Amino acid sequence: MADVEQNAAVPDGSSNGSDAVNGTAGRFVSSAEGTALAYGSLLLMALLPIFFGALRSVGCSKSKNASDMPETITSRDAARFPIIASCTLFGLYLFFKIFSQEYINLLLSMYFFVLGILALSHTMSPFMCRVFPAQLPNKQYQLLFTQGSGESKEEIVNYEFDTKDLICLGISSVVGVWYVLKKHWIANNLFGLAFALNGVELLHLNTVSTGCILLGGLFVYDVFWVFGTNVMVTVAKSFEAPIKLVFPQDLLEKGLGASNFAMLGLGDIVIPGIFIALLLRFDVSLKKNTRTYFYTSFLAYIFGLGLTIFVMHTFKHAQPALLYLVPACVGFPVLLALFKGELTEMFSSVYMTSLINPVISRD
């Protein structure tokens with residue numbers, strides 16, 4: 001997925017698109033403290049949606065709303081995903097080369113404005129349930145769209161929500177307007193964190209084997225598009241959408257108006273994250289009151305991302321994070337399972353689909 005990169009000029013409302021791709025003139029040289037703060041913040045921001053998204057993934061199948069039900073990724077989906085992702089990435093690259101970057105990003109901004117509001121609202125919902133005053137009425141609502149009539153009536157949308165959800169939607173809309181008008185990096189990160197957490201929570205791998213297929217395919221995808229071409233880096237710099245987390249390396253010198261960013265693509269969070277969440281559900285299925293595989297894979301992710309940042313900083317070149325994350329996140333839990341004699345059980349196709357609410361795989 002999108003690479004880890006330093007010194008990326010991410011435009012806000014005051015800079016144009018060419019500055020984002022070619023902006024090297026007058027580049028600010030970051031201090032060691034500012035660079036360390038940026039890298040540390042990116043690492044922390046990457047860990048938050050993985051940890052909380054994995055915890056929420058365990059119980060999300062109990063939701064009554066169809067929109068909150070997890071989407072199961074099968075081995076067939078996993079095998080096709082790198083091909084689809086490659087076609088999408090190269091298509092975006094051609095679009096940015098042929099058409100005006102300004103108009104493309106305007107359309108993308110409106111698209112992600114809507115998605116970001118919904119994602120942030122869903123992310124805030126559990127917190128709002130805890131802080132919502134008990135003395136205030138919490139009215140229930142239902143959004144229902146049907147097709148046909150009588151016995152042939154078919155539900156298209158059936159979404160239940162309440163006053164707390166409307167408050168979350170209002171707060172998220174304020175962030176959305178802020179992002180559209182200013183393209184501020186904090187608003188970008190709020191949406192990015194919400195996308196990542198929702199991805200980890202709602203995208204479920206059905207087996208560890210499927211996870212290995214997905215991560216293995218994207219390992220090759222990431223290495224090829226970063227080291228083999230300039231496509232990934234060009235799209236990441238040109239794409240003005242909250243598909244990456246950014247943090248300024250010159251924050252200490254320029255404050256919130258800083259413009260010299262380090263970035264981390266959301267794919268480098270969500271893809272390993274859904275595998276880590278899978279291992280948490282495996283821990284739960286063992287019924288041993290331990291989270292050994294979850295914590296092992298979580299620590300492996302920290303090691304892999306830290307190694308990515310170290311190599312990138314040493315060689316001053318954008319790095320495909322999955323090159324380091326995939327071996328770490330897959331290798332350490334598999335070695336642990338081999339040591340504990342649970343390798344066969346880990347790769348079983350049963351526990352992942354029957355842990356909470358059974359999901360029938362089409363494989």
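Student: How many disulfides does a search of the whole structure find?
Tutor: Keep in mind this is a predicted model, where local features need pLDDT of at least 70, side-chain atom pairs count only at pLDDT 80 or more, and totals for chains, interfaces and linings use all residues. Residues are numbered from 1 along each chain as its sequence is written, and side-chain values use heavy atoms, with hydrogens and water left out. A disulfide here is a pair of cysteine sulfur atoms within 2.5 Å. Searching the whole structure, the count of disulfides is zero.

Student: Which cysteine sulfur is closest to that of C129, and how far away?
Tutor: C129 is partly exposed at 43% relative accessible area (buried is under 20%, exposed over 50%, partly exposed in between; 1.4 Å probe, protein chains only). Its closest cysteine sulfur is too far for a bond, sitting in C168 at 7.3 Å.

Student: Is C329 buried or exposed?
Tutor: C329 has a relative accessibility of 0%. So C329 counts as buried.

Student: Where does L94 sit, and how accessible is L94?
Tutor: L94 belongs to helix α3, residues 75–98 (helices are DSSP runs of H or I, at least four residues; strands are E, at least two; numbered from the N terminus). L94 is partly exposed, and its relative accessible area is 36%.

Student: What are the helix and strand percentages over residues 321–339?
Tutor: The unreviewed UniProt entry lists 321–339 among its "transmembrane region" features, though such annotations may be inferred rather than shown by experiment. The end C-alpha atoms of residues 321–339 are 27 Å apart. The chain there is 95% helix and 0% strand.
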